Amino acid sequence: MAKPKRLIELLMTVNAKRRFTVQELADEFHVSKRTILRDLQELSELGVPLYSEVGAGGGYRVLREKMLPPICFSEEEATAMFFAYQSLEQYSALPFEESSVSALKKFYHYLPAEAKERIQALQNRFMFKVPKHKLGAKYLKPCLEAALRGQVLFIEYDSENGVSKRDIQPIGVYAMNGLWYCPAYCFKSEEMRMFRVDRIVSAEVKNDQSVRREDVRKKTLVDWFSFENQTHEVELEVELTPRGVKKCQSDIWLSSDLHVRSDGTGVIRTTIDRPFIPWAIDFFMGYGTEAVLTKPDFAVEMIKNRLDELRKLYQ
């Protein structure tokens with residue numbers, strides 16, 4: 001076997017084994033122990049974190065994370081990989097930010113000159129624009145780790161009603177409009193809730209994990225978004241002017257429930273849970289005269305009361 005091919009297969013082998021002896025590798029690759037030792041030295045110089053173990057068993061083990069074998073990319077694939085990372089660069093926080101930056105630097109460094117020139121040209125012509133919030137997400141990675149391990153977190157959460165303390169069991173994290181969100185089971189309210197990660201003031205893994213729920217541990221973000229698309233307890237109906245329709249068409253969360261009439265006006269008919277009614281009121285009041293909420297009746301009364309409060313404020 002040619003040496004370059006042997007080194008690649010050796011890299012894949014030590015990653016899979018994690019612990020091994022020189023004799024094991026020599027037998028597997030049908031070469032001498034001296035040859036394997038030279039190959040391991042070369043892998044070490046290339047950055048594979050090998051550690052020599054002493055004792056009766058002896059041998060080696062791979063430290064830290066596994067190293068991936070060399071992968072060949074076409075110029076188009078390399079460009080796609082570079083811009084895939086660039087699409088996340090404008091988020092103020094990422095779960096694996098340091099690793100992402102390190103990977104991008106390595107990836108770009110070893111690209112041929114022609115590929116680098118193509119990427120530099122594209123950077124001036126092509127980009128992903130994400131709203132960049134100054135709000136950080138300090139506890140983004142702990143939320144993700146808790147979701148992966150099925151752990152319960154003790155958090156302090158700064159909502160519109162003030163700071164509260166609670167235990168939550170996250171099922172994942174996702175980004176939308178430049179912000180990070182964490183759906184989780186809230187033990188205080190005894191139901192699934194949505195938490196904005198930037199509003200988490202503190203978070204630590206709860207010492208007593210006996211409270212965690214196995215049914216929640218099995219949930220995923222796919223389950224969460226499936227739940228979001230289910231029918232909820234309150235029917236919501238909003239009449240829209242032609243200008244209101246155009247505004248709604250640019251919002252992915254509203255467009256699926258929007259029905260446009262031949263005259264350009266439209267109506268949104270959907271369902272919503274009662275706790276989200278105040279949010280819906282604030283949202284559609286921002287449309288001014290371009291949107292009129294007609295259902296449910298109690299929400300209409302809430303809008304009238306809100307308008308009375310605003311009128312008094314500006315008198």
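These legends go with a set of close-up views of a predicted model.

**View 1. Aromatic rings gather around Phe-283.** Trp-279, Phe-283, Phe-284 and Tyr-287 make up one aromatic cluster. The model has 7 aromatic pairs. In one of them, Phe-283 meets its neighbour Phe-284 edge-to-face, with 5.1 Å from centre to centre and 85 degrees between the planes. Phe-283 also pairs with Tyr-287, and here the centres are 5.5 Å apart. That second pair counts as tilted because its planes are at 40 degrees, which falls between the cut-offs of 30 degrees for stacked and 60 for edge-to-face. As for cover, Phe-284 is buried at 5% relative accessible area, and Tyr-287 is buried too, at 10%. Phe-283 comes out as partly exposed, with 23% relative accessibility, because buried means under 20%.

**View 2. Helix α12 and its buried side.** Helix α12 covers residues 277-285, and its buried residues are Ile-277, Ala-280, Ile-281 and Phe-284. They span an arc of only 100 degrees around the axis, so they sit on the same side of α12. The spacing fits a simple rule: an α-helix has 3.6 residues a turn, so residues three or four places apart point the same way. Phe-284 shows up here again, this time as part of the buried set of α12, and Phe-284 is also a member of the aromatic cluster in the previous view.

**View 3. A salt bridge between α12 and α13.** Arg-306 and Asp-282 meet through their side chains in a salt bridge, 2.4 Å from N to O. Arg-306 is in helix α13 and Asp-282 in helix α12, so to speak a long-distance link: 24 residues separate the two. Neither partner is tucked away fully: Arg-306 is partly exposed at 24% relative accessibility, and Asp-282 is partly exposed at 46%.

**View 4. A buried salt bridge between α1 and α3.** The side chains of Asp-39 and Arg-6 come together in a salt bridge, with 2.6 Å between N and O. Asp-39 belongs to helix α3 and Arg-6 to helix α1 (residues 3-17), so the pair ties together parts that are 33 residues apart in sequence. Both ends are under cover: Asp-39 is buried at 2% relative accessibility, and Arg-6 is buried at 9%. This is one of 13 salt bridges in the model.

**View 5. A salt bridge inside helix α8.** Here the partners are Glu-214 and Arg-217, whose closest N and O atoms are 3.8 Å apart. Both residues lie in helix α8 (residues 214-217), with their positions 3 residues apart, or about one turn of the helix. Glu-214 is partly exposed at 43% relative accessibility, and Arg-217 is partly exposed at 38%.

**View 6. Two arginines over aromatic rings.** Arg-213 places its charged end over the ring of Tyr-185, 4.4 Å from the ring centre. Arg-274 does likewise with Phe-298, its charged end sitting over the ring at 4.4 Å from the centre.

**View 7. Backbone oddities in three loops.** Most residues other than glycine have a negative phi, and most peptide bonds are trans. His-30 has a positive phi, near 55 degrees. His-30 is in the loop between α2 (22-29) and α3 (33-45), and it is exposed at 70% relative accessibility. Glu-190 has a positive phi as well, near 60 degrees. Its place is the loop between β7 (179-186) and β8 (191-196), and Glu-190 is exposed with a relative accessible area of 62%. Then there is the peptide bond joining Lys-295 and Pro-296, which is cis, with omega at about 0 degrees. Pro-296 is in the loop between β13 (291-295) and α13.

**View 8. A nonpolar patch that takes in Tyr-314.** Leu-307, Leu-310, Leu-313 and Tyr-314 make a nonpolar surface patch of about 460 Å². Tyr-314 is in the segment after α13 (297-313). Tyr-314 counts as exposed because its relative accessible area is 70%, and the cut-off for exposed is over 50%.

Methods: Residues numbered from 1 in each chain as written. Predicted model: local features only at pLDDT ≥ 70, side-chain atom pairs only at ≥ 80, totals over all residues. Heavy atoms only, no water. Patch = residues over 30% accessible without salt bridge, like charges linked within 9 Å, V, L, I, M, F, W, Y side chains within 5 Å. Areas by Shrake-Rupley, 256 points an atom, 1.4 Å probe, with all protein chains shown as cover. Salt bridge = Lys/Arg side-chain N within 4 Å of Asp/Glu carboxyl O. Helix = DSSP H or I, 4+ residues; strand = E, 2+ residues; numbered from the N terminus. Buried < 20%, exposed > 50% of the residue type's maximum accessible area, 1.4 Å probe, protein only. Phe/Tyr/Trp six-rings, centres within 6.5 Å; stacked < 30°, edge-to-face > 60°. Lys NZ or Arg CZ within 6 Å of the ring centre and 35° of its normal. Arc of directions from axis to C-beta.
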